[in-house]
Amino acid sequence: MLLPYFQTDVFDGIIARRLKVSTALLRQADSWADICLYLCVAISIWLVYPQVIINFRVPLLSAITIQLILFTISLIKFQKFPSFHTYTAKAWGLGTSKE
C-alpha cells in the first residue's frame, strides 16, 4: 500500500530538481507534509481499528522513540530537524512495504 506513495514521493523530488525549484525550505516542508500524512493515517487507524494500534504498540512505540531520538540528536548537532529524504529513509519505506 505504501509503494504508490513512495513512488510519488520520489518523483516529486525528481520533478522539483528538474524544474530547479528544489530548495532546502521546500525539502523541509515536504518532510513535514510526510509527518502530517503519517499522523493522519495513524489517527484514522486508531479511530476505525484501535485494536491494531494496541496490538502493535511495542513496535510502534519503539519506532516513535527512535524517531524522537533522531530529532533530538539532529537538533543538538545541527540546530534543525532532519530531512526524511535520505537514502536510509527511502530504504525503510521500501523495506516496510508489503507489496
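Which residues of α2 are buried? Keep that in mind as you go through these views of a predicted model.

**View 1. The whole protein is built from helices.** There are five helices here and zero strands, so if you walk along the sequence you meet the pattern α-α-α-α-α. Of the 99 residues, 14% count as buried. The accessible surface comes to about 8,100 Å², and 75% of that belongs to carbon and sulfur atoms. Now look at contacts between residues at least 6 apart in sequence: 59% of them join residues at least 24 apart.

**View 2. Confidence varies from helix to helix.** The mean pLDDT of the protein is 80, with 75% of its residues reaching 70 or more. Among the elements, helix α3 (residues 50-55) has the highest mean pLDDT, at 95. At the other end of the ranking sits helix α5 (residues 87-96), which has the lowest, at 60.

**View 3. Helix α2 and its buried residues.** Here's the answer to the opening question: Q28, S31, D34 and I35 are the buried residues of α2. The helix covers residues 24-48, which makes 25 residues. From its first C-alpha to its last it reaches 36 Å, close to the 36 Å expected at 1.5 Å a residue. As a bit of background, an α-helix has 3.6 residues a turn, so residues three or four places apart point the same way.

**View 4. Two cysteines without a bond.** How many disulfides does a search of the whole structure find? It finds zero. C36 is in no disulfide, and the nearest cysteine sulfur to C36 belongs to C40. Why no bond between C40 and C36? Their sulfurs are 6.5 Å apart, which is too far for a bond, because a disulfide needs the two sulfur atoms within 2.5 Å. As for its surroundings, C36 is partly exposed, with a relative accessible area of 45%.

**View 5. S74 and the end of helix α4.** S74 lies in helix α4, which runs over residues 57-78. Is S74 buried or exposed? S74 has a relative accessible area of 6%, so it counts as buried. Its side chain reaches the backbone oxygen of K80 at 2.7 Å. Leaving aside neighbours within four places in sequence, S74 is in contact with Q79, K80, F81 and P82. One of these, Q79, comes just after α4 and takes a positive phi of about 60°. As for α4 itself, its 22 residues reach 31 Å from first C-alpha to last, close to the 32 Å expected at 1.5 Å a residue.

Notes: Residues are numbered from 1 along each chain as its sequence is written. Side-chain values use heavy atoms; hydrogens and water are left out. pLDDT is the predictor's confidence in each residue, from 0 to 100. Helices (H or I, at least four residues) and strands (E, at least two) are DSSP runs, numbered from the N terminus. Buried means under 20% relative accessible area, exposed over 50%, partly exposed in between (1.4 Å probe, protein chains only). Contact means heavy atoms within 4.5 Å. Accessible areas come from the Shrake-Rupley method with a 1.4 Å probe; for residues, only the protein chains shown count as cover. A polar contact is a pair of N or O atoms within 3.5 Å; within protein, one must be able to donate a hydrogen and the other to accept it, and residues adjacent in sequence count only if both atoms are side-chain atoms. The expected span of a helix is 1.5 Å times one less than its number of residues.
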